[in-house]
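Hi,

Here's the structure I promised to send over. Have a look at it first, then read on for what turned up.

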Amino acid sequence: MASQLETMGVPVIILKEGTQRTAGREALRNNMMAAIAVSEILKTTYGPKGMDKMLVDSLGDVTITNDGATILDKMDIQHPAGKMLVQAAKGQDEEAGDGTKTSVIFAGELLRQAEDLVDRNIHPTIIIQGYKSAVDKAIEVLNSIAEPVSIDDTDKLMKVAMTSLNSKAVGEAREYFAKIVVDAARAVAEKRGDSWYVDINNVQIVKKHGGALTDTQLVNGIVIDKEVVHPDMPKRVEHAKIAVLDAPLEIQKPEIDMEISISSPDAIKRLLDKQEKILQDKVEKIAATGANVVITQKGIDDVAQHFLAKKGILAVRRVKRSDIEKIARATGAKIVTNLDDLKPEDLGYADLVEERKVGEDKMVFIEGAKNPKSVTILIRAGFERMVDEAERAIHDALSAVADAIMDSKVVAGGGAVEAEVAKALREWSKSVPGKMQLAVEAFVKALEALPQTLATNAGYDPIDILMKLRSAHSDPSKKWYGIDLNTGNIVDMWANGVVEPLRVKVNAYKAGTEAATLILRIDDMVAAKKSSTGPSSSKKEGSEEEESSSSTSSASSSSD
């Protein structure tokens, strides 16, 4: 029927008016250009000599950072292909915690190389197959060359942390920070079967500006950003027995509306006395268990505060649920939701609970916990922006050390691992049949673009550095030779202490390849007209004109 209408000169309308469609080579090129543009933004921030970005949001809030995940998140990218790289970076951040820039820059380089292959009439499907074969081989090579590391090898773990911190704004205090990070990661590590597991969520991070970076400290316990509720309570309790509550020390309001008829002043007094007696009984129950510290997620009534102070009990109220769970984990306490169920065995233990002044605020420190599987890093820096950047740096370094402990494998950085994998892939590509060999060679060039970017950001000639790297890696005994960005020489990165977790590299290559191949599969892009619904528009019209973009991702129908 459609063909009959077309022969009669009548157009067949498939899409709504205002819808934009690009197809074939044009759609592919547009998406590739957008993704490459995103990776170009991150390129100048890559490595120890990378620059920072200043991002200003619509409210005027300023963020200064070179953290890849933060830059992409704050930029609010609109192009659908650009968003795919943002998702790749988020996936890398969640899986490995570090290496977000590596994954995005690598994806951009893969697409740049694919652009040349498409211009030479090589079908995107062939390129995708070549890339997937190459990344599988690259991961195989990575696993074969990686060096072992154990949780007790603090020297190697320190090098992992320092390598991660080297490209951050806290670089001048990296050795101090690295020791804190390694101690924190080892403190929360748990043995599960034959391997170790590290949940960095058990490392609480508290930020407080004022002071220097070197005032940052690791607390073997928990820091609560609250103060003791009553001035007459003790500010320091040694050998603390801690009751952790998810219950209020208040008179609870009834769930239904009630009216109380009071006929005399005595009745009011009896009512108030009754309320006071209820609160006193609650405090007596707590004191009877031997508790001398109370920490609750809910509120504490003024009258209850008075009775607690008389009993010499230190109390903190309205503590975040996440902090309550960390306190319970660290002190061995049981979170009690009903005071009638509180028993002496439910109490946690810590050597010291103390209120201290940090900057302009007061905080409660819980130290010497019975089972310190939760620890706290209290970050200090001269101003708020620096504290935020220090937090991002510590998160990345913690993730890197956790990856190294869990996988027990590390590789050298500074472009050494990329050069070694590229060498192995170049040799392997000779056995790859047909046009796929060109895709594998393109993958190798994209890999080598990473050390070239490091060299460019340090002010060196990328071609010259690449030739020196290739020359060094032709000798099997120099597999860990990479770029010394201070001198421009090719040196042994392992001996120089530039060490990265295997997981960061493996996931960066995987995420970058997946993002690039996803974009290469798109041959048709349909973008609906932006919604212009107003008060007079119906709900149906609004839903029909909702802004969206959809892509047909069948590479088999890609038009060349």
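How much space lies in the largest pocket? About 800 Å³. Keep in mind that this is a predicted model, so treat it as such.

Now for what surrounds that space. The largest pocket has 39 residues in its lining, and the ones nearest its centre are Gly47, Pro48, Thr163, Asn166 and Val498. Five elements give two or more residues each to this lining: helix 5 (100-119), helix 7 (154-165), helix 12 (384-407), strand 19 and helix 16 (502-520). Helix 7 gives the most, with 5 residues. By type, the lining splits into 12 nonpolar, 15 polar and 12 charged residues.

There's a second largest pocket too, with about 500 Å³ of space. Its lining is made of 24 residues, and Val203, Gln204, Ile205, Val206 and Glu391 sit nearest the centre. At least two lining residues come from each of strand 7 (203-209), strand 9 (221-224), helix 11 (321-331) and helix 12. Here the count is 9 nonpolar, 4 polar and 11 charged. Helix 12 is worth finding on screen, as it contributes to the largest pocket and also to the second largest one.

One last thing to look for is a small piece of sheet. It's an open sheet of 3 strands, in the order 4-16-19, with antiparallel pairing. Strand 4 (147-148) and strand 19 (499-501) are the edges, each pairing on one side only. Strand 4 is joined to strand 16 (residues 409-412) by 2 bridges, and Glu147 stands opposite Val410 of strand 16.

Cheers

Methods: Residues are numbered from 1 along each chain as its sequence is written. This is a predicted model: local features need pLDDT of at least 70, side-chain atom pairs count only at pLDDT 80 or more; totals for chains, interfaces and linings use all residues. Side-chain values use heavy atoms; hydrogens and water are left out. Two strands pair if DSSP finds at least two bridges between them. Helices (H or I, at least four residues) and strands (E, at least two) are DSSP runs, numbered from the N terminus. On a 1 Å grid over the protein atoms alone, a cavity is a set of points where a 1.4 Å probe fits but cannot get out, and a pocket is an open set with protein on both sides within 12 Å along at least five of seven lines; lining residues have an atom within 4 Å of a point. Grid points are joined across faces, edges and corners, and a volume is the space filled by probe spheres set on the points. Ala, Val, Leu, Ile, Met, Phe, Trp, Tyr, Cys and Pro count as nonpolar, Asp, Glu, Lys and Arg as charged, and the others, Gly among them, as polar.
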